[in-house]
Amino acid sequence: MYRYDEFDHAFVAARVEQFKDQVQRRLSGELTEEQFRPLRLMNGVYLQLHAYMLRVAVPYGTLSSRQMRKLGHIARTYDRGYGHFTTRQNIQYNWPALGDIPAILDELAEVEMHAMQTSGNCIRNVTADHFAGVAADEVADPRPFGEILRQWSSLHPEFSYLPRKFKISVTGAEHDRAAIQVHDIGLHLKKNEAGELGFAVYVGGGQGRTPMVAKMIRDFLPVEDLLSYTTAIVRVYNLHGRRDNKYKARIKILVHETGTEELTRQIEAEWQALKESDLKLPQGDIAAIDSYFRPPALLARPEGWAALAAAKKADAGFAAWVDQNVTPHKNPDYGVVTISLKPIGGIPGDASAEQMELVADIAEKFSQDEIRVSHEQNLVLPSVALADLHMVYELLLTDGLATANAGLITDIIACPGLDYCALANARSIPVAQRISVRFGAAERQSEIGELKIKISGCINACGHHHVGHIGILGVEKKGEELYQITLGGSADEITTVGEITGRGFSSEEVVDAIEKIVDTYLGLRASKDETFLAAYRRVGAAPFKEALYGEISRAA
Amino acid sequence: MSAAEQNQKQLWGREGFRDDPYIEAESLDAAGDAPAVILPLAAWLGLDDDVRRTSNRRIGVAVAPGEDIDPLLEKLDTIPLIALQFPAFNDGRSYSKAELLKGRHGFSGELRAVGDVLIDQVVFMLRAGFDTLQVTNRIALERLKGRDLHDTPGYYQPGRGSAQAGSYSWRRMPVA
């Protein structure tokens, strides 16, 4: 993975010193909260319902063991012993004291991390496929380009005060695990017929109150043009994106109001003037950054095939976990392990200091010192030898990290909701917990198969409900929390926005409603191989609406 | 803006504070006999080209974030000053215009940032191409007096006042 050089270290250190000074001025009263606000936001510090919240960037979701250990240390020393992994592959601390934040940033800088651009109307932390570099179906590792974008976008003089936040995601596989079509810019790394690397460029995806699927504006952009083309897109957006209404300020609205064809024309015209500028990436630079991400030399471990088969036969729990949480690695002697942060009845994405340290230890010993954070709020051990899987499983079991539910109905994404967030209208976490308990039995989950439930506590959609196979949106109506259900959303290579079923459900009713939907699916699926999403796409909303609302909905 | 705040308005450039010969006026007539005037874009565009060229005073133009710079592009070599406005610090449109004017179109006159200029944006403004900043914010004034620009030791993108950092092509180091 990428390592800071002197340039990076000096840059981050200077920013920490500046923020120390700003915090000092705030604590002494020289700065009012209002004056301090833009400064703290530049450093990832939010003021939430109960306390300040610090969001730490995990670029493209990749961490070393040392970094993960540090995150655990920070949770224990400065917070209440845990942290929360987010849908943008970052980690949030919910209870730091403002006066401690400069010390936290110092500690992060020690392990080459920071909290810059995790908030504010700038180019946010770049996300990537959490299986990048190891997935069997990958064309090329997208993270080197994530790193180039991270550097280039850091304190960008022209793009630090955009109309609204700006999110870029990259993937290098046909099967999109990075949800690129719901990002401001989505980049799909691929090869052309000549075998050269380039990107399909998508623009204007997003969720929030106006969910939109991104439009592809270029089928193949040579990799050396990455920064010039991105500059062209962001410049057109910076100049013409709406600033009169923050709910209409994302680039998706500009795409929608200008029209894809006209906006593409503007972007291409801007790009023509930038194409041969200083922003053109020399192959040598791409290769140099790429070399940081070269897969480690993995030892041949062919003994794992037989060992794995034997261990599965002897341990049913292990077998279920392997089937659900281990995906194919480029190297057939290895597997990619998803560590579920969704224990039955638990808080999605939360991890204790001890769990973080355990994962760090396991990664150091069994996964080439590397860990990923997924946008589905799980952790990933990218390269575990099949021969070591049982050992890893046993270790994960010791601290509740071996839940065999990756991709199943209890692998729920949920935003922090009204339990923490100043913007939320309704609680998300307790709903996730109750659904998880209701469907928690292993056989039942396995019977249901792949089903992604995503829950947001307000229209800002941080819980990605629009693209959940089943989405749940918490709203507030007459002082009561109400939950609206959407069906058929998806954020992979065939991205769709879910359709609202009808009137919302109370907190008491909502889990029953989910159960009705699931039972309806089980009753109508063509076979066990037809997933919920496939079945929904085949039959449409009607049977589900009828189950939820009865005959009336057909008449209406 | 109160009269007291008006009095504190100061002009700053890389070399430090400097006198400002310009006055802002709605039209040439309203500018009296001031030797250097900044007009709003509409008024500036309304001037006859000959009047502008043969005038014995310098006539600059102020551009609001929502206004287009395209009509100025053909006449750039005759414009002594363009003032790009920042009605609020977080309206970043003028950064892109600065970049276009200085970077792409080679504007060689004075490019000035006007409005909500805070210390945290000073380096961004200089790097985007602004030559001068009109500052009223107290903290910004104090810090600029102490030449404490909140700068970083290096930059991750090309920009004015910097040179290749000797590593990746996108990196830059400040030049003294």
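In this predicted model, Pro295(A) is exposed, with a relative accessible area of 58%, and its place is in the loop between helix 9 and helix 10 (303-314) of chain A. If we look from there to Ala534(A), which is 239 residues away along the chain, we find that the C-alpha atoms of the two residues are separated by 35 Å.

A residue in another setting is Gln67(A), which lies in helix 3 (residues 65-78) of chain A. Is Gln67(A) buried or exposed? Gln67(A) counts as buried, because its relative accessibility is 7% and the limit for that label is under 20%. Leaving aside neighbours within four places in sequence, the residues in contact with Gln67(A) are Met1(A), Thr62(A), Val111(A), Glu112(A) and Met113(A).

From single residues we can turn to the interior. In soluble globular proteins, nonpolar side chains tend to be buried together. Here the largest nonpolar core has 161 residues, and the residues with the most contacts inside this core are Met68(A), Phe166(A), Val201(A), Ile233(A), Trp321(A), Leu381(A) and Ile82(B). The element that gives the most to this core is helix 6 (residues 226-240) of chain A, with nine residues. A second core, separate from the largest one, has 32 residues, including Ile470(A), Tyr483(A), Leu487(A) and Phe544(A). To see what surrounds one of the core residues, consider Leu381(A), which touches, among others beyond four places away in sequence, Val336(A), Val337(A), Ile339(A), Val359(A), Ile362(A) and Val392(A).

Helix 7 (residues 251-258) of chain A shows how a single element can be placed in such surroundings. Its residues Ile251(A), Lys252(A), Ile253(A), Leu254(A) and Val255(A) are buried, and the buried residues of helix 7 pack against strand 9 (197-203), strand 10 (215-222), helix 6 and helix 8 (260-274) of chain A. The helix is followed by Gly259(A), whose phi is positive, near 95 degrees.

On a broader scale, chain A is divided into domain 1 (6-110), domain 2 (135-292), domain 3 (303-397) and domain 4 (414-555). The C-alpha centres of domain 1 and domain 2 of chain A lie 27 Å apart, and the contact between these two domains takes eight residues from domain 1 and 11 residues from domain 2. Between them, domain 1 and domain 2 of chain A bury about 800 Å², with 64% of it on carbon and sulfur atoms. Across this interface there is one salt bridge and there are two residue pairs in polar contact. Helix 1 (residues 6-27) of chain A provides the largest share of the side of domain 1 that touches domain 2, namely three residues.

How much area is buried between chain A and chain B? The two chains bury about 3500 Å² between them, of which carbon and sulfur atoms give 59%, and the residues losing the most area on the side of chain A are Phe7(A), Pro157(A) and Tyr161(A), which together make up 23% of what that side buries. This contact takes 47 residues from chain A and 33 residues from chain B. Between the chains there are six salt bridges and 21 residue pairs in polar contact. Helix 1 of chain A gives the most to the side of chain A that touches chain B, with 10 residues.

Side chains of opposite charge can pair when their charged atoms come close. Over all chains, the count comes to 60 salt bridges. One of them joins Lys452(A) and Glu376(A), at 2.8 Å from N to O, and this pair links distant parts of the chain, 76 residues apart. Lys452(A) is partly exposed, with a relative accessible area of 22%, whereas Glu376(A) counts as buried at 16% relative accessibility. In chain B, Arg53(B) forms a salt bridge with Asp50(B), with the closest N and O atoms 3.8 Å apart; both residues lie in helix 3 (residues 49-54) of chain B, three residues apart, which is about one turn of the helix. Arg53(B) counts as exposed, at 52% relative accessibility. Finally, salt bridges that share partners join Asp5(A), Asp8(A), Glu147(A), Arg150(A) and Arg171(B) into one network.

Key:
Residues numbered from 1 in each chain as written. Chains lettered and ligands numbered in written order. Predicted model: local features only at pLDDT ≥ 70, side-chain atom pairs only at ≥ 80, totals over all residues. Heavy atoms only, no water. Core = buried A, V, L, I, M, F, W, Y, C linked by side-chain atoms within 4.5 Å. Buried < 20%, exposed > 50% of the residue type's maximum accessible area, 1.4 Å probe, protein only. Helix = DSSP H or I, 4+ residues; strand = E, 2+ residues; numbered from the N terminus. Contact = heavy atoms within 4.5 Å. Domains from an automatic or database assignment. Buried area = accessible area lost by both parts, 1.4 Å probe. Salt bridge = Lys/Arg side-chain N within 4 Å of Asp/Glu carboxyl O. Polar contact = N/O pair within 3.5 Å; in protein donor to acceptor, adjacent residues only side chain to side chain.
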